[in-house]
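Here are my notes for you to read with the structure open beside them. Take the points one at a time and find each spot as you go.

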Amino acid sequence: MQKLPLVSLLILPALLGAAVSRAVADDRPGHSALGAAFNEGPRQAATLLEPEEVGRVDFPITTAIPRAQRFFNQGVAQLHGFWFYEAERSFRQALHLDPGCAMAYWGLAMANRVNPKRAREFLEKIEPFRPRLSARELRWIDAFRPFFAKDEKPDAAARKKLLEALEAMAFEDPEDVEVKVWIVLQAWENSYEGLPLGSREGLEALLREVLAKQPWHPGAHHLRIHLWNRHDDRRALRSAAVCGQSGPVVAHLWHMPGHTYSALKRYADAAWQQEAAARADHAWMISQWLMPDQIHNYAHNNDWLVSNLAYLGRVKDAVSLAMNMVSLPQLAPKTEVIGNSRPKEDRSSHLYGSRQLVRVLVEFERWERLLELAQTPYLAESPDLKEEAFRLGGLVAASAALGRLPEAEVLLGKLEALLPRVRQERFEAADRVEQEARKASKPAEAVAKAVQDELKTRWKRVEAVEASLAEGRMTLALAKGEKDEAATQLVAAKELSAVRRSRVQWAVGNKEAAEKTAQKAAEEGKSEVLPQANWVEFLWLAGKQSEALAAFESLRSLAAQADGDLAALERLRPVSAAAGVEGEWRKAVEAAKDTGVRPALEKLGPFRWEPPAAPEWALSSEDGRTKRLADWKGKPVLLMFYLGSGCIHCIEQLNQFAPWTEAYQKAGVELVAVSSDGPKELHKTMEKAKSGGGFPFLVLADPSLKAFRDYRAYDDFEQNPLHGLFLIDGKGRVRWQNISFEPFAQPEWLLKEAVRLLGLPESGTK
């Protein structure tokens, strides 16, 4: 009998343990046989990138498979770029290649640092493999075990203990550059939880040590930007110049220098970085069939980019991008987002985009455009009372500014009706919190605190609605010539921008206050076109011509990228005439020379996300007919991939969608179910319809699972089909999707989303 090598003897008990675990694991269709922690997250194979693309990282681990080591290094590099979704995918790929790669479980835990319960479940998988791990690997694992000991967010004691453990690791192995990067990361993260950061220069020294050995380390450059952001951003300029270049496929590495440049009020450079990030994100998401907001910081980047474009006066580009954000498919409620510790509804592309659309159009007085978009899905009524109040406030302002007073009155009435509703919402939310706390048998003090916290949070929403209402009343009163009423409402319009506040103060006759407000706005909005143009105008109106001309000369360069038809710039024609400048008065400026070697933006990806093309298929029905996707050319279709008649939850899903079939058809959407069963077994599905007469939509067979694979409704690691829903428009593009271990069970929400997406003008997806 041939003897097994020592490595195999060490691995064998772990593999046997895994086999036993698989035998007793959840065997429901779509659920991972490896355990609940593997249900969420990416379940499609990872793409192996070159180190120059994703970041140069060297983190040696115990594995005999070089490709597994490469995927592990890739995952660590992606962690350094806060690309948690793709980091998890890379670690899963390493584990798929080498089931004994224990450190891959550690990597999976690190990709879920904001989800302690899931992180702990991954770390627990390591136990059978401990005998074969190096002392270094065990130090990395054991440092984080106490950190994830509880389901809730780690407390201060756990954070201090982790930092101390990392520092001890640095002492044990001073050549390990990774632990030095993680010390800086943990110290920085701790500072956001109220713990003292310590010496920034001391942490900077650690980063310099790392970069001395690995000049292109993505984590070192990334963290240097975080370390000095809003403290002394000049000290991060060297890293800002190369951060994106250190891992050009990782969008967040392009985004982070934007923080540095924004803080230094270098908005053109900030916008370039954030556009690079958006393009990198779009290229990756389109290629990997990802919904945009599945990348947790995608919306944040684009929101910031819209702001910086507005600072530059690039209003058309800002509006275009905001419209694209609104047109993106939304994630359904309760969708898990890897790396996101906050409710996605508070940070979604749709919310950011719609708010920015109103804000930019109002600030730059694009009144006709605002009212035009209000008649489209781009600025449709919001179910969120706070956001709806913000939208209505902008529409009141636009109608009033254009002299459409009856329309403004109607809109103001709708806005006023929101106030009692948001107040009632506050108390209903507090009641729910109280009931949940009592149901959980929490002590009276904890119940009271939970209620008070909810009331405080909800009160902020009430205040926001009150501010929008005051703004609406103010703009309407001003349009009516009721200056005293406008001045009274101005005090309560707390969210009004300084530029708009100065103009209202001037309009009601408070010119001294207006000039002071405009000056302060210009001082705080250094390098922003709108407050600077506003200040030039105020100086001119106040008769301070020499000062106005001096400020105008500075504005000429500042407005180099601004749209030429901005109202704020049009009002400066008397100033430009006095300055002796005919025609185009904006000056071109030279590009900064300290931003590194930048690639052409077009090479990083498209400026907007676009829906991918749906793969063609030819599938059989129960009666032997062959149906193809092309049969629905010009007609939207909702494909429902389900795991056969034996999947109880799949049958529940079909029965949930069945009553909505007619509503979907009225919206122009046909429902088609695709089963993993063969054609001769489809009758088993029909027999389980609650109606008793089968399902009111076509059911097709895909026993080869080819369509499942083509649509990525398939677990590449465990080679099993997954549940999937795909909304395909009449041009054969996937406008919305959900791939999960569980069937999607929100037909009413999806119908509304389908109507919204399909109702968007064609420009929304280009």
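A crossing of two helices is called left-handed if the near helix is turned anticlockwise from the far one by less than a right angle, and right-handed if it is turned clockwise. Keep that in mind for the points on helix pairs. Also remember that this is a predicted model.

1. **The pair α11 and α13.** Start with helix α11 (residues 218–228) and helix α13 (residues 251–263), whose axes lie 9 Å apart at an angle of about 30°. Angles under 35 degrees count as roughly parallel, and that makes α11 roughly parallel to α13. As for the handedness, α11 and α13 cross in the left-handed sense.

2. **Who meets whom there.** From the α11 side, the residues at the meeting place are Pro-218, His-222, Ile-225 and His-226. Facing them from α13 are His-252, Leu-253, Met-256, Pro-257, His-259 and Thr-260. When you look at the spacing, remember that an α-helix has 3.6 residues a turn, so residues three or four places apart point the same way.

3. **How enclosed is α11?** How many of the 11 residues of α11 are buried? The count is 11 of 11, so α11 is largely enclosed by the rest of the structure. Among those buried residues are Arg-224, His-221 and Trp-228. The cover over them includes α3 (66–80), α9 (177–191), α10 (200–213), α12 (237–240) and also α13.

4. **Just past the end of α11.** Now step on to Arg-230, which sits in the loop between α11 and α12. Its phi is positive, near 65°, in a residue other than glycine. Is Arg-230 buried or exposed? Arg-230 has a relative accessible area of 73%, so it counts as exposed.

5. **The pair α4 and α5.** Helix α4 (residues 84–97) and α5 have axes that come within 9 Å and cross at roughly 165°. Angles over 145 degrees count as roughly antiparallel, and α4 and α5 are therefore roughly antiparallel to each other. The crossing of α4 past α5 is left-handed. Contacts here involve Phe-84, Glu-88, Phe-91, Arg-92, Ala-94 and Leu-95 from α4, which meet Ala-104, Tyr-105, Gly-107, Leu-108 and Met-110 from α5.

6. **An arginine in a loop.** Follow the chain on from α5 (102–110) and you get to Arg-113, in the loop between α5 and α6 (116–124). Arg-113 has a relative accessible area of 11%, so it is buried. Leaving aside neighbours within four places in sequence, Arg-113 is in contact with Phe-82, Phe-84, Phe-148, Trp-182, Leu-185 and Glu-189. Phe-84 should ring a bell: it is one of the α4 residues that meet α5.

7. **Checking helix α24.** Here's a sum to try on α24 (residues 511–524). At 1.5 Å a residue, its 14 residues should span 20 Å, and the end C-alpha atoms are 20 Å apart, which agrees. The buried residues of α24 are Ala-513, Ala-514, Glu-515, Thr-517, Ala-518, Ala-521 and Ala-522. Their cover includes α23 (498–507) and α25 (529–541).

8. **The loop after α24.** Ser-527 is in the loop between α24 and α25. Although Ser-527 is not a glycine, its phi is positive, about 75°. Ser-527 has a relative accessible area of 19%, and buried means under 20%, so it counts as buried.

9. **Cysteines.** How many disulfides are there? The count is zero. If the word is new to you, a disulfide is a covalent bond between the sulfur atoms of two cysteines. Two cysteines to look up are Cys-101, buried at 0% relative accessibility, and Cys-647, buried at 2%.

10. **Two more loop residues.** Glu-742 lies in the loop between β9 (734–740) and α34 (747–759), and at 39% relative accessibility it counts as partly exposed. The C-alpha atoms of Glu-742 and Gly-30 are separated by 6.5 Å, with their positions 712 residues apart along the chain. Not counting residues up to four places away in sequence, Glu-742 touches His-31 and His-723. Asp-173, in the loop between α8 (156–172) and α9, is 433 residues from Pro-606 in sequence and 44 Å from it in space, C-alpha to C-alpha.

Key:
Residues numbered from 1 in each chain as written. Predicted model: local features only at pLDDT ≥ 70, side-chain atom pairs only at ≥ 80, totals over all residues. Heavy atoms only, no water. Helix = DSSP H or I, 4+ residues; strand = E, 2+ residues; numbered from the N terminus. Expected span 1.5 Å × (residues − 1). Buried < 20%, exposed > 50% of the residue type's maximum accessible area, 1.4 Å probe, protein only. Contact = heavy atoms within 4.5 Å. Disulfide = S-S within 2.5 Å. Axes fitted to C-alpha atoms, helices over the stretch in contact; angles between N-to-C directions. Parallel < 35°, antiparallel > 145°, perpendicular 65-115°, else oblique.
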